[in-house]
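Biologist: Got a minute to go through this one with me? I'd like to hear the reasoning behind each label.

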Amino acid sequence: MSIDATQAPSCAARPATSGVAIIGYGVAGVNCAIALRCSGYAGPIRVFSSTSIPPYSPILTSYYAGGEKSYEECFPWTEAELSDLDLEVLADCPVEHLDPAAHLIATPRGDFSYSKALIATGARPATWGYPADADCKPLVLRTMEDAERLKAALCTEPRPRVLVSGASMVALKALEAALARGCQASIVGVNPHVLDFNAVPETAARFERGLAAKGVKMRFGTSIASVKGPEGGPYAVSFANGESEEYDLIVVAHGVVSNLDFLPEGTLALDRGLLVDRFMRTSDPDVYAAGDIAQSRELITGESRIIGIWKNAALQGAAAGKAIAAELVGREPDGSDAFEGSFITNTIAVDGTLFISAGASTLTPERRAVIEESEDITVARIYERTADGTERLVGFNLTCDEDIEGSRAYDMGAILTMRIEKSLRS
Ligand SMILES: Cc1cc2nc3c(=O)[nH]c(=O)nc-3n(C[C@H](O)[C@H](O)[C@H](O)COP(=O)(O)OP(=O)(O)OC[C@H]3O[C@@H](n4cnc5c(N)ncnc54)[C@H](O)[C@@H]3O)c2cc1C
């Protein structure tokens, strides 16, 4: 599956038209294009994509690597749907430089002007902390190419012994893929538990018991110190705690870094991501940002944060599209179309053990956790004292020993999420 790059005329033949530029063809970019067209914008939309394949879901990459999804299933939009958007897609055309003052985008195929631009370039995996002199180049997971590499590595015979470094959602998804392929899997994390920053110790510990029951070996509070071995393995891995073990394959999931290398320093207001208002406008009135590179309002704390989840990227892309369409016809964007903020939600199941969380999971002097353990579920509800002395639910996380759709755990997750939303409104 690939985009026909030849459909896009060469830069030399192209007049310097402007219109809307979308940098990054992921969920945020696609939703911006949908919102533009649904808002009546009929002008040119030029999409710059660093890849040759149509927009896909990074969420599904681990399921593809693990054999639970086919390659085709990783593409949420059909060719016909994308074609209805009437986009000029420049495939394999990464943006190399953005000059907001000149309204100019530089690419390997030349320079392009724009009236309004959306930056929706997402993030890439980071390998911070992995030894620079390691003999094994680690695998990471974000793109379909990453997934192809992981799939091929997990499918070798005999099945590889896999070490996953990191204990976040992406790390656990890679671990799940390894288990699904029948590999012997281990995980190592610097924090005391799995599910970094998403779980309280009690729910994380229940999740770890679930992993242990499936034969996963876990090391916490330590990291990989060195990796030695011939090309292709096996690799002797030494840990900072003095232990060592042999592995055939290492996957690293140590967080992500925003794809903003094309943006000259100081051009747009930036923290960990691009700072945006409720219409996804950056500090430049003609440049918008959405998805994993945008830092918007986190509703529980009121702080500006990147919330790297699919729904957020989709809603932000849509809000940007509607605002751009309004501004291009000289209207102020409508307040009802604004993106007012969000909070983090997570659902993950690894080989039958289910974890669901939403909102806050860390404790502060104003917060307390109420833990409830039953035969098959541990749930932590996080309450926060408000200025008027009452308490509101600001988060929960739960682990269930089984993953059954429509089960009590899923109902509980949905109801608690709804209660957080309600408490934010009141
Ligand atoms: C393994 C994994 C599991 C996940 N699981 C979940 C989950 O269960 N639930 C959930 O809500 N979220 C999950 N996420 C997060 C979710 O996938 C992201 O939040 C979402 O995809 C962000 O969308 P985006 O459009 O901002 O970025 P992306 O989907 O990354 O799209 C950005 C696009 O921009 C392109 N690009 C980058 N640089 C350039 C450039 N210079 N020029 C042109 N194009 C460029 C990239 O190639 C990419 O196609 C997961 C992510 C991963 C990696």
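Biologist: Let's start in the middle of things: are F48 and F112 buried or exposed?

Modeller: Both F48 and F112 are buried. Bear in mind that this is a predicted model.

Biologist: What makes F48 and F112 an edge-to-face pair?

Modeller: Two numbers. A pair needs ring centres within 6.5 Å, and edge-to-face needs planes over 60 degrees apart. The centres of F48 and F112 are 5.3 Å apart and the planes sit at 70°, so the pair is edge-to-face. F48 belongs to strand β2 and F112 to strand β6 (residues 110-113), so this pair ties together parts that are 64 residues apart in sequence.

Biologist: And how do you know that F207 and F355 are edge-to-face?

Modeller: Same kind of check. Centre to centre they are 6.3 Å apart, with 85° between the planes, against limits of 6.5 Å and 60 degrees. F207 is in helix α6 (residues 201-213) and F355 in strand β22 (residues 353-359), so the pair ties together parts that are 148 residues apart in sequence.

Biologist: Why is F207 called buried?

Modeller: The cut-off for buried is under 20% relative accessible area. F207 is at 0%, so it counts as buried. F355 is also at 0%, so that residue counts as buried too.

Biologist: How many aromatic pairs turn up in the whole structure?

Modeller: Six. There is also an aromatic cluster, made of Y56, Y64, Y71 and F75.

Biologist: On to α1. How do you know that its length agrees with its number of residues?

Modeller: Helix α1 covers residues 27-38, which is 12 residues, and at 1.5 Å a residue it should span 16 Å. Its end C-alpha atoms are 16 Å apart, so the two agree. Just after α1, G40 takes a positive phi of about 95°.

Biologist: What makes α1 largely enclosed?

Modeller: The count of buried residues: 10 of its 12, so the rest of the structure largely encloses α1. Among them are V30, N31, C32 and A35.

Biologist: Which elements do those buried residues pack against?

Modeller: β1 (20-23), β2 (45-48), α3 (79-84), β7 (116-119) and α7 (310-328). A318 lies in α7 and touches N31, C32 and A35. The C-alpha atoms of A318 and V30 are separated by 8.5 Å, though these residues are 288 apart along the chain.

Biologist: Why is A318 called buried?

Modeller: Its relative accessible area is 16%, and the limit is under 20%, so A318 is buried.

Biologist: C32 came up twice. How do you know that C32 is in no disulfide?

Modeller: The two sulfurs would have to be within 2.5 Å. For C32, the nearest cysteine sulfur belongs to C38 and is 11 Å away. The structure as a whole holds zero disulfides. C32 is buried as well, with a relative accessible area of 0%, and C93, also at 0%, counts as buried.

Biologist: Last topic, the ligand. Which residues come nearest?

Modeller: Of the 29 residues around the ligand, those are S50, R142, K173, D292 and W310.

Biologist: What makes the backbone of D292 a polar contact of the ligand?

Modeller: The cut-off is a pair of N or O atoms within 3.5 Å. A polar backbone atom of D292 is 2.9 Å from a ligand oxygen, and for W310 the distance is 2.9 Å. V27 has a backbone N or O atom 3.3 Å from an oxygen atom of the ligand.

How values were computed: Residues are numbered from 1 along each chain as its sequence is written. This is a predicted model: local features need pLDDT of at least 70, side-chain atom pairs count only at pLDDT 80 or more; totals for chains, interfaces and linings use all residues. Side-chain values use heavy atoms; hydrogens and water are left out. Helices (H or I, at least four residues) and strands (E, at least two) are DSSP runs, numbered from the N terminus. The expected span of a helix is 1.5 Å times one less than its number of residues. Buried means under 20% relative accessible area, exposed over 50%, partly exposed in between (1.4 Å probe, protein chains only). Contact means heavy atoms within 4.5 Å. Rings of Phe, Tyr and Trp (its six-membered ring) pair if their centres lie within 6.5 Å; planes under 30 degrees apart count as stacked, over 60 as edge-to-face and the rest as tilted. A residue is near a molecule or strand if one of its heavy atoms lies within 4 Å of it. A polar contact is a pair of N or O atoms within 3.5 Å; within protein, one must be able to donate a hydrogen and the other to accept it, and residues adjacent in sequence count only if both atoms are side-chain atoms. Lists of a residue's contacts leave out its neighbours within four places in sequence.
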